[in-house]
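Let's take a walk through this model together, one region at a time. Have the sequence and the 3D view open as you read.

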Amino acid sequence: MLEIKNVSYAYTAKKTVLKDIDFKVKKGEYIALLGESGCGKSTLLEIIYGLMDLEKGEIQYNGKKLLGPKYHLVPGHPFMKYLAQDFSLMPYTTAAENVGEFLSNIYKDKKNARIQELLEVVDMVDFANIKVKNLSGGQKQRIAIARVLAKEPEVLLLDEPFSHIDNFRKNNLRRSLFNYLKEQKITCVVATHDSTDALSFADTLYLIRDTKIIANGTPEEIYLNPKNKYVASFFNEVSEVANHDIGVDKKGVSILYPEQISIVEKSSIKAVVNGSYFKGTHYLVEATLNNTTLIIKSNRPYAKNEEIFIKI
Ligand SMILES: Nc1ncnc2c1ncn2[C@@H]1O[C@H](COP(=O)(O)OP(=O)(O)OP(=O)(O)O)[C@@H](O)[C@H]1O
């Protein structure tokens, strides 16, 4: 069990980056830290990895306090691997050599089999003998992922692990990597601003804003019961509509995803179309209802200024 206990952190006296961050990660669990750029996700990963000395709070692993750089000649912990956004690869050696850098040379066959296995996880077998400097950004990122897995860490900390990888490969890679981590029971904490990383694979999400965790729970819990528009808009387009405008007999507003609003032949709620956007499997129709903008999922486009009827 990895425990983040009441951690606060400030780089300078003027600006606190994280305040009272507190959560636990069970063995084999995958946690996603979500938040806007600059909200402190990377800082939190660095704190967990032991790159910062803490004035307030502590990190524990299996009940033992993990110490910061003041207490270690080489910061970090042997059972934990951290993949930073800069990859830290060796450019003048091959992809395979990078993956195997920290593996023992005593049993060559075992080492090669392990490198092959990891290259398969990240779908980079064909590039094994290419020098890293000649790989694309996305390929380097895949090699960097394989490299941090090489020595079977118990805990893996990944900072935006798919940021350079194209959509074509991203989905396959996510499935392959997270299935591998689950099989191996590797605990994983991922910092990401990409909700797909979080929604489809994470066991628990933590959404960070203004130094604090503002929402946490399973992807389903957070997506289906967002506390407010900010939380919901992390995952999807949202409309915030006054309840009295949509016939809901309750004070306040409703936060609605596009799939929660439909266009029907006739109803008591009338809106005017601003535009329609093709999304591959559907269209998003933007419309105005009493000065509020609605984003509606539809199976066909509607013309600008067309009057439509809405059902919630
Ligand atoms: N070494 C540093 N010294 C001073 N301030 C820093 C340092 N590193 C980060 N910061 C500041 O701390 C805040 C949090 O940065 P951090 O990199 O943790 O955010 P992030 O959520 O990971 O962002 P991104 O998604 O863009 O990587 C930012 O305001 C950043 O400018």
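In this predicted model, four strands come together as an open sheet, ordered β2-β1-β4-β5 and paired in the antiparallel sense. Which strands stand at the edges of this sheet? They are β2 (15-25) and β5 (64-66); each has a single partner strand, so one side of each is left without a neighbour in the sheet. If you look at how neighbouring strands of this sheet are set against each other, the average turn is 35°, direction ignored. As background, strands of a sheet pair through backbone hydrogen bonds, either parallel or antiparallel.

You can follow one of these pairings in detail. Strand β4 covers residues 56-61 and pairs with β5 through three bridges, in the antiparallel sense. One residue pair to pick out here is Tyr-61 with its bridge partner in β5, Lys-64.

Now turn to the ligand. Which residues surround it? The shell includes a run from Ser-37 through Gly-38, Cys-39, Gly-40, Lys-41 and Ser-42 to Thr-43, and also takes in Gly-35. Tyr-11, Val-17, Ala-191 and His-193 belong to the shell as well. Helix α1, residues 41-49, gives the most to this shell, with three residues. Sorted by class, the residues around the ligand are four nonpolar, seven polar and one charged.

For a wider frame, an unreviewed UniProt entry lists residues 2-235 as "domain: ABC transporter". In the model, that span is 33% helix and 27% strand, and its end C-alpha atoms are 27 Å apart.

Finally, two backbone spots deserve a check in your torsion plot. Most residues other than glycine have a negative phi. Phe-87 is not a glycine, yet its phi is positive, about 65°. You will find Phe-87 in the loop between β6 (80-83) and α2 (95-100). Is Phe-87 buried or partly exposed? Phe-87 counts as partly exposed because it has 18 C-beta neighbours inside 10 Å, and 20 or more would be needed for a buried residue.

The second spot is Asn-290, also a residue other than glycine, with a positive phi near 45°. Asn-290 sits in the loop between β15 (283-289) and β16 (292-298). With 12 other C-beta atoms within 10 Å, Asn-290 is exposed, since the exposed class takes in residues with 12 or fewer.

Technical notes:
Residues numbered from 1 in each chain as written. Predicted model: local features only at pLDDT ≥ 70, side-chain atom pairs only at ≥ 80, totals over all residues. UniProt positions renumbered as here; feature names shortened; annotations may be inferred. Helix = DSSP H or I, 4+ residues; strand = E, 2+ residues; numbered from the N terminus. Near = placed C-beta within 6 Å. Nonpolar A, V, L, I, M, F, W, Y, C, P; charged D, E, K, R; others polar. Pairing = 2+ DSSP bridges. Axes fitted to C-alpha atoms, helices over the stretch in contact; angles between N-to-C directions.
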